[in-house]
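Trainee: Could we go through this model one feature at a time? I would like the general idea of each term, and then the case at hand.

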Amino acid sequence: MSNLPHCPKCNSEYTYQDAGQYMCPECAHEWSVRASEDASEGSGEHLDGKQTRDSNGNLLQDGDTVTVIKDLKVKGSSLVVKVGTKVKGIRLVDGDHDIDCKIPGVGAMKLKSQFVKKQ
């Protein structure tokens with residue numbers, strides 16, 4: 001019997017692990033191993049103890065869905081990430097731009113947590 005967590009989206013027990021991610025074969029949901037560990041511990045902290053919060057003060061964790069609260073110009077391009085853009089499956093990282101994500105229509109980006117709000 002496996003001790004892998006159930007899928008947080010559909011509660012399926014048939015999850016499996018692949019390269020630092022948990023996967024659900026029933027609903028195709030993917031989430032990071034670290035997000036699962038944080039959820040089980042209830043901490044929401046980085047490895048160095050730093051907590052990442054959104055513009056409203058809500059604690060962010062890996063795998064959360066956030067919404068952009070301000071038009072953001074993409075440096076080195078003419079693209080703009082519009083206010084209200086939903087970003088799914090964020091990853092928290094250390095540094096000035098503390099969110100790694102993929103934005104639909106733009107691609108991989110780093111965001112500052114002060115410009116997003118948690119869904």
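**Reading the features**

Mentor: Let us begin with a single residue: Asp96 is exposed, its relative accessible area being 56%. Exposed means over 50%, buried under 20% and partly exposed in between, with a 1.4 Å probe and protein chains only. The model is predicted, so local features need pLDDT of at least 70 and side-chain atom pairs count only at pLDDT 80 or more, while totals for chains, interfaces and linings use all residues. Residues are numbered from 1 along each chain as its sequence is written, and side-chain values use heavy atoms, with hydrogens and water left out.

Trainee: Which residue forms a salt bridge with Asp96?

Mentor: Side chains of opposite charge can pair when their charged atoms come close. The rule asks for a side-chain nitrogen of Lys or Arg within 4 Å of a carboxyl oxygen of Asp or Glu. Here the partner of Asp96 is Lys112, with the closest N and O atoms 3.4 Å apart. This pair links distant parts of the chain, 16 residues apart: Lys112 is in the loop between strand E10 (107-111) and E11, and Asp96 in the loop between strand E8 (91-92) and strand E9 (99-103). These element names denote DSSP runs numbered from the N terminus, helices (H or I) having at least four residues and strands (E) at least two. Lys112 is partly exposed at 24% relative accessibility.

Trainee: How many salt bridges does the count come to?

Mentor: The count is 3. In one of them, Asp64 meets Lys118, with 3.5 Å between the closest N and O atoms. Asp64 belongs to the loop between helix H1 (33-41) and strand E4 (66-68), whereas Lys118 belongs to strand E11 (residues 116-118), so this salt bridge ties together parts that are 54 residues apart in sequence. Asp64 is buried at 15% relative accessibility, and Lys118 is partly exposed at 32%. Asp100 and Arg91 also meet in a salt bridge, at 2.6 Å from N to O. Asp100 is buried, with a relative accessible area of 17%, while Arg91 is partly exposed at 44%.

Trainee: How many disulfides does the structure hold?

Mentor: A disulfide is a covalent bond between the sulfur atoms of two cysteines. The criterion is a pair of cysteine sulfur atoms within 2.5 Å, and the structure holds 0 disulfides. Cys24 illustrates the point: the nearest cysteine sulfur belongs to Cys10 and is 3.6 Å away. Cys24 is buried, with a relative accessible area of 3%. Cys101 is likewise buried, at 8% relative accessibility.

Trainee: In what order do the strands of the open sheet run?

Mentor: Two strands pair if DSSP finds at least two bridges between them. Here 3 strands form an open sheet in the order E1-E2-E3, with antiparallel pairing. Strand E1 (16-18) and strand E3 (30-32) are at the edges with a single partner strand each, so one side of each has no neighbour in the sheet. Averaged over neighbouring strands, the turn of one against the other is 35°, direction ignored; strand axes are lines fitted to C-alpha atoms. Strand E2 (residues 21-23) pairs with E3 over 3 bridges, and the bridge partner of Met23 in E3 is Glu30.

Trainee: Where is Ala28 found?

Mentor: Ala28 is in the loop between E2 and E3. Its phi is near 65°, a positive value in a residue other than glycine, and Ala28 is exposed, with a relative accessible area of 60%. Asn11 also has a positive phi, near 65°. Asn11 lies in the segment before E1 and is exposed at 55% relative accessibility.

Trainee: How many aromatic pairs does the structure hold?

Mentor: Rings of Phe, Tyr and Trp (its six-membered ring) pair if their centres lie within 6.5 Å; planes under 30 degrees apart are stacked, over 60 edge-to-face and the rest tilted. The structure holds 1 such pair. Its members are Tyr22 and Trp31, tilted at 45° between the planes, with 5.7 Å from centre to centre. Both Tyr22 and Trp31 are buried.

Trainee: Which residues have the most contacts inside the largest nonpolar core?

Mentor: A nonpolar core joins buried Ala, Val, Leu, Ile, Met, Phe, Trp, Tyr and Cys residues through side-chain atoms within 4.5 Å. The largest has 15 residues, and Ile90, Ile99 and Leu111 have the most contacts inside it. E4, E9 and E10 are the elements that give two or more residues to this core. E9 gives the most, with 3 residues.

Definitions and conventions:
Axes fitted to C-alpha atoms, helices over the stretch in contact; angles between N-to-C directions.
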